[in-house]
Amino acid sequence: LSETMSTNEKKPPLNGRRALPSNNSNDEENEVPEMEAFGLIPRGFNPKDYLHVVDVHMFKEPHEINKQQHHTDKYYSPKLIVRRGQPFQIQIDFNRPYKPETDQFWLEYLIGRYPQQNKGTYIPILVGDALKPGEWGAKITHKENNSIRLSIMSSATCIVGKFRLYVAVWTPFGILRTHRNSATDTYILFNPWCQQDAVYLDDEKEREEYVLNDVGIVFHGNINEIKLRSWSYGQFEENILDACLFLMDKAELELSGRGNPIKICRVASAVINSRDDNGVIAGSWDNTYSYGVTPSAWTGSVDILLEYYSSKQPVRYGQCWVFAGVFNTFLRCLGIPARLITNYSSAHDNNANLQLDFFLDDEGQVDTKITKDSVWNYHCWNEAWMTRPDLPVGFGGWQVVDGTPQETSDGMYRCGPASVQAIKHGHVCFQFDAPFVYAEVNSDIVYSRRQKNGTQVIEKIDTTHIGQLIVTKEVGGDGMMEITEEYKFPEGSAEERLALETAVMYGVKKQTTQDTTYQPQMDVDMDFQVQKAVLGSDFKVTITFRNKSRNNYTATTYLSGNIVFYTGVPKNEFKKHSFSAKLEPSSSSTFDVLIKSSEYLSDLLDQAAFHFFVTARITETGKILAMQKATVLEIPTLRIKTQGEMVAGKEMSVTVEFTNPLKQTLENVTLRLEGPGVLRTMKKEFRQIPVNSTLIWEVKCTPKRPGLRKLIASLNCDALRHVYGELNVQIQKP
């Protein structure tokens, strides 16, 4: 058989530290002897005189008992896939009826190349009278002619991966084994339905969402304009399970550690990004995506994982939601409940001091040379559900894991798992990376200005801007569910103060403002609003002052408009405007600044994001008012339509339409369309779409599975990115 290793294989080099080399590949195998003699074999010995295995039936079809009971019927794989800690059935056909008095046989499950019983990589199972919950065992449930039916229980803590199965028969002169047969390979996954499993989740609706749903929603945009798009996780698609197991091989995670969701999440958060280990996705935030796919063009995880599985090289390119989407696929595929989270106004603090420092120059403009921290309009990460036996009681449940490379943790770009509960209460001493996540959702923004004599004046401290809204997709629907209160107590509450003090006690650095003078201008308020606008149109920014004093004031006001990456890092300033505002006593005044499309279109980035800074200096008092806001333009959507009846196994037609909204011709446009269970990703290139003209693309496909499915499309070109469309389709049974 092709899968057995050749006998003259080179032995691994000897290593003085361990008797056996490390066993960290699920793909490699050892050779198992079909006849293991106890000594000299007498001349008259004929193995055929003894019990002999003719065939093994795995009941591995999607409609058969195992995949139905184990919720694995959606996996597009011909092999048996079961979840740990729950019994499954197999049938063994012998050459004659089995006689328990004299015949002795057992099962052997092996994984990796150097199986050892104490490592859980070699598992012999004797047939007993009863199954113990959550422990390896087998019992006969049915005997008929030459066949027996077995119910097999796997351990609720066993290794997750692909096992090889052998049936061994005892004879007086040696052990006879079945030969290597890949058709009997058995995948064992995590089991959120089993109470003894570390990932047990007790709500059926949540299990259907967080383990079995193969599409999801990514919330993006910014706090004032929340946008959403669908993402195809596709964890059940062909070869995805093997690709996910390969990620653990790539990360060189010892097989014996692969029953532990904490370890799996930690190594996966490193291998999802390509930094320091040639992992799955190469990140790029610089708006040039040569030799790769623009992050916004991906519609799901399947293409990325399959490309990585075949090329073994990082796939280009990703940004936070791509890392999070692929990570979610990995977790759900292995059976770990997972969800994708968006944190709006997410702090990326370079030195974990719970404050983002924005430095202003004399004029009150931000000094980009020395301002190093940034506020991401949004940042996506994942939560995975598991117990935390390594932490005190009460810190199990949702854990933050983040595959986007931001800062190193123990020398590698990875983050988590960090207990959400520990972050909320400020217990950031508990592993892994809780202080970094705490800062992402709790930092203050401090505006300070260096005066001519060298002293630093703090002009404003904004304690509410960061982590204003944390959301995920609701269970069983496409709506948004706010989970901010899972991460933090209400702003300004006593509990919030206590959590902060706890975090500081456990070593989160919090700078005090005592070494600098801070006397804000109390009697004038300033705010500004950005008009909602469609990409390609003009819009205005309205600045409002409220003078609460009895004095006349003059405010010298600066507006700076920057085109920014969604990470809050500016690309360039496209609008500079200053004016003098007269503020009457006890009254409000508003001022409009017009932004023309010609000022921003040539430099626009992926997500059509702007960042406005407004600073005003009160002439009479010298005090400065400062405020910043991010805004996103409305991006037109793709329209998806279907024609004819939609029946599993029958050809149907899908049309994607798009009208060019810009005052310029779009060039080199790429369209992508995918839908798990309906069609594999299709791509189409268009050379040009003239102004105001409509592109129409028709695709024929044959849906595989009945049920409610989602079609997802994206359009991408240099002038226009983040254009999406989606459609729910009901596929009928044939």
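## Aromatic pairs

The structure holds 31 aromatic pairs, and it should be read throughout as a predicted model. One of these pairs brings together Y98 and F105, whose ring centres lie 5.3 Å apart with the planes at 85°, so the arrangement is classed as edge-to-face, given that planes over 60 degrees apart fall into that class. Both partners are withdrawn from the surface: Y98 is buried with a relative accessible area of 13%, and F105 is likewise counted as buried, at 4% relative accessibility.

A second pair is formed by F539 and Y600, where the centres are 6.0 Å apart and the planes stand at 50°, so the geometry is tilted. This pair links distant parts of the chain, since F539 belongs to strand β28 (residues 539-547) while Y600 belongs to helix α11 (residues 597-600), 61 residues apart. F539 is buried, with a relative accessible area of 2%, and Y600 is buried as well, its relative accessibility being 0%. The two residues also take part in one aromatic cluster, which is made up of F539, F574, Y600, F610 and F612.

## Charges over rings

Aromatic rings also meet charged side chains in this model, as two lysines show. The charged end of K629 sits over the ring of F528, at 5.3 Å from the ring centre. The charged end of K684 is placed over the ring of F686, at 5.7 Å from the centre of that ring.

For the protein chain as a whole, the count is 80 positive and 89 negative side chains, and the centres of these two sets lie 2 Å apart.

## The chain as a whole

The protein chain contains 11 helices and 40 strands, and its C-alpha trace spans about 115 × 60 × 45 Å along the principal axes. Of its 734 residues, 57% are buried. Among the contacts in the protein chain with a separation of 6 or more, 68% are between residues that are 24 or more positions apart. The accessible surface of the protein chain comes to about 31300 Å², and carbon and sulfur atoms account for 49% of this area.

## Helix α8 and the loop before it

Helix α8 (residues 434-442) is mostly covered, with eight of its nine residues buried. The buried residues of α8 are A434, F436, V437, Y438, A439, E440, V441 and N442, a list that includes the charged residue type Glu, at E440.

D433 is found in the loop between α7 (420-425) and α8, and it has a positive phi of about 65° although it is not a glycine. At 19% relative accessibility D433 counts as buried, because the cut-off for that class is under 20% relative accessible area.

## Other backbone features

Another positive phi in a residue other than glycine is that of N278, near 55°. N278 is located in the loop between α4 (261-271) and β14 (281-283), and with a relative accessibility of 38% it counts as partly exposed.

Cis peptide bonds also appear in the model. The bond from R316 to Y317 is cis, with omega near 0°, and Y317 has its place in strand β15 (residues 315-318). A cis peptide bond also joins G416 and P417, with omega at about 0°, and P417 is found in the loop between β21 (412-413) and β22 (418-419).

Methods: Residues are numbered from 1 along each chain as its sequence is written. This is a predicted model: local features need pLDDT of at least 70, side-chain atom pairs count only at pLDDT 80 or more; totals for chains, interfaces and linings use all residues. Side-chain values use heavy atoms; hydrogens and water are left out. Helices (H or I, at least four residues) and strands (E, at least two) are DSSP runs, numbered from the N terminus. Buried means under 20% relative accessible area, exposed over 50%, partly exposed in between (1.4 Å probe, protein chains only). Contact means heavy atoms within 4.5 Å. Accessible areas come from the Shrake-Rupley method with a 1.4 Å probe; for residues, only the protein chains shown count as cover. The place of a charge is taken as NZ of Lys, CZ of Arg, CG of Asp or CD of Glu. Rings of Phe, Tyr and Trp (its six-membered ring) pair if their centres lie within 6.5 Å; planes under 30 degrees apart count as stacked, over 60 as edge-to-face and the rest as tilted. A charge sits over a ring if NZ of Lys or CZ of Arg is within 6 Å of the ring centre and within 35 degrees of the ring normal.
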